[in-house]
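Trainee: I'd like one close look at a single part of this model: the buried interior and what packs around it. Could you take me through it in one go?

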Amino acid sequence: MPGPDLLSSQGLRLDGRRPNELRRIRCKLGVFTQPDGSAYLEQGNTKVLAAVYGPHQASKSKLSTEGVVVNCQYSMATFSTGERKNRPRGDRKSQEMSLHLRQALTAAIKTELYPRSQIDIYVEVLQADGGAYCACVNAATLALVDAGVPLRAYACACSASLAWRHAAPAPLADVGHVEEAAGGVVLTVASLPSTGKIGLLEMSHRLHMDYYDVVMSRALQGCRDIEVILDKAVRAHLAEGWTKQDLVTI
């Protein structure tokens, strides 16, 4: 578990945040014209681009009569970390992240509306500073909204960890790179906050059951907070679109 040095004597984290505070999130929909939907998202210093193509006719090898097939591809830019990546995509980690993205996003999409179809979701990490998976889920959700894909709810992801202050557990929301590198447990949750359903749950290390509930609760609260931020971004994007349409009509 992380040591007490993750929190100062004033109860602040290494980057100055309070334990329950998210990193600053900045996002924008419709950043590209070629895909059916796209989004750019910054979560702290982690920066992600997402693009969506479809729904379109599925290939014979992937065709399903029960619902749409969701195809996800996760990749990292060669300059996204301090050390240059030799294989920015196709390695084991990228394949695992692609599967985890597919699991979380499939739970949010109304797949039954598009049988024999396919949706392709491409996510590129431009800069990694912790919580890359969470930022990718949040960016992909905005890109799906921009593409007009019907969703059951927003898919939001947030991580949580555990620090200690005055010999008492203090759960941390939205874990950054330094906190991840401390070697403690990191619990990552992708949920549909408005429905209460969980699309993905992953833990990096073992966590004693006595502390599981507080860490899980902190991660789910982070998902609810992120949902509010994403919803505001969508509404602002739609309002901007209506304003432009009105100007063109006039």
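Mentor: Let's start with Asn 138, which counts as buried because its relative accessibility is 0% (buried is under 20% relative accessible area and exposed over 50%, with partly exposed in between, using a 1.4 Å probe on protein chains only). Keep in mind that this is a predicted model, so to speak: local features need pLDDT of at least 70 and side-chain atom pairs count only at pLDDT 80 or more, while totals for chains, interfaces and linings use all residues. As for bookkeeping, residues are numbered from 1 along each chain as its sequence is written, and side-chain values use heavy atoms, with hydrogens and water left out.

Asn 138 sits in helix α2, residues 132–146 (helices are DSSP runs of H or I with at least four residues, strands are E runs of at least two, and numbering goes from the N terminus). Skip its neighbours within four places in sequence, and Asn 138 has contacts (heavy atoms within 4.5 Å) with Leu 41 and Gln 43, then Ala 155, Cys 156 and Ala 157, and finally Ile 226 and Leu 230.

Now follow α2 into the largest nonpolar core, which has 61 residues (a core is a set of buried Ala, Val, Leu, Ile, Met, Phe, Trp, Tyr and Cys joined through side-chain atoms within 4.5 Å). α2 is the top contributor here, giving eleven residues to this core. Ile 121, Tyr 133 and Leu 144 have the most contacts inside the core, and the range of α2 takes in both Tyr 133 and Leu 144. Beyond four places in sequence, Tyr 133 is in contact with Met 97, His 100, Leu 101 and Ala 104, and also with Ala 157, Thr 188, Ala 190 and Leu 200. Another core lies apart from this one, with five residues including Leu 6, Leu 7, Ala 170 and Leu 172. In soluble globular proteins, nonpolar side chains tend to be buried together.

Ala 157 is a handy link: Asn 138 touches it, Tyr 133 touches it, and Val 189 touches it too. Val 189 is in strand β8, residues 186–192, and it counts as buried because its relative accessibility is 0%. Leaving out residues up to four places away in sequence, Val 189 touches Cys 156, Ala 157 and Cys 158, along with Ile 198, Leu 200 and Leu 201, and then Met 216, Ala 219, Leu 220 and Cys 223. Cys 156 shows up in the list for Asn 138 as well, and Leu 200 in the one for Tyr 133. For a sense of scale, Val 189 and Thr 111 are 78 residues apart in sequence and 21 Å apart in space, C-alpha to C-alpha.

Finally, go back to the strand that holds Ile 121, namely β5, residues 117–127. A search of the whole structure finds one aromatic pair (Phe, Tyr or six-membered Trp rings with centres within 6.5 Å; planes under 30 degrees apart are stacked, over 60 edge-to-face, the rest tilted). The partners are Tyr 53 and Tyr 122, edge-to-face at 5.9 Å centre to centre with 80 degrees between the planes. Tyr 53 belongs to strand β3 (residues 46–57) and Tyr 122 to β5, so the pair ties together parts that are 69 residues apart in sequence. Tyr 53 counts as partly exposed because its relative accessibility is 34%, and Tyr 122, at 32%, counts as partly exposed too.
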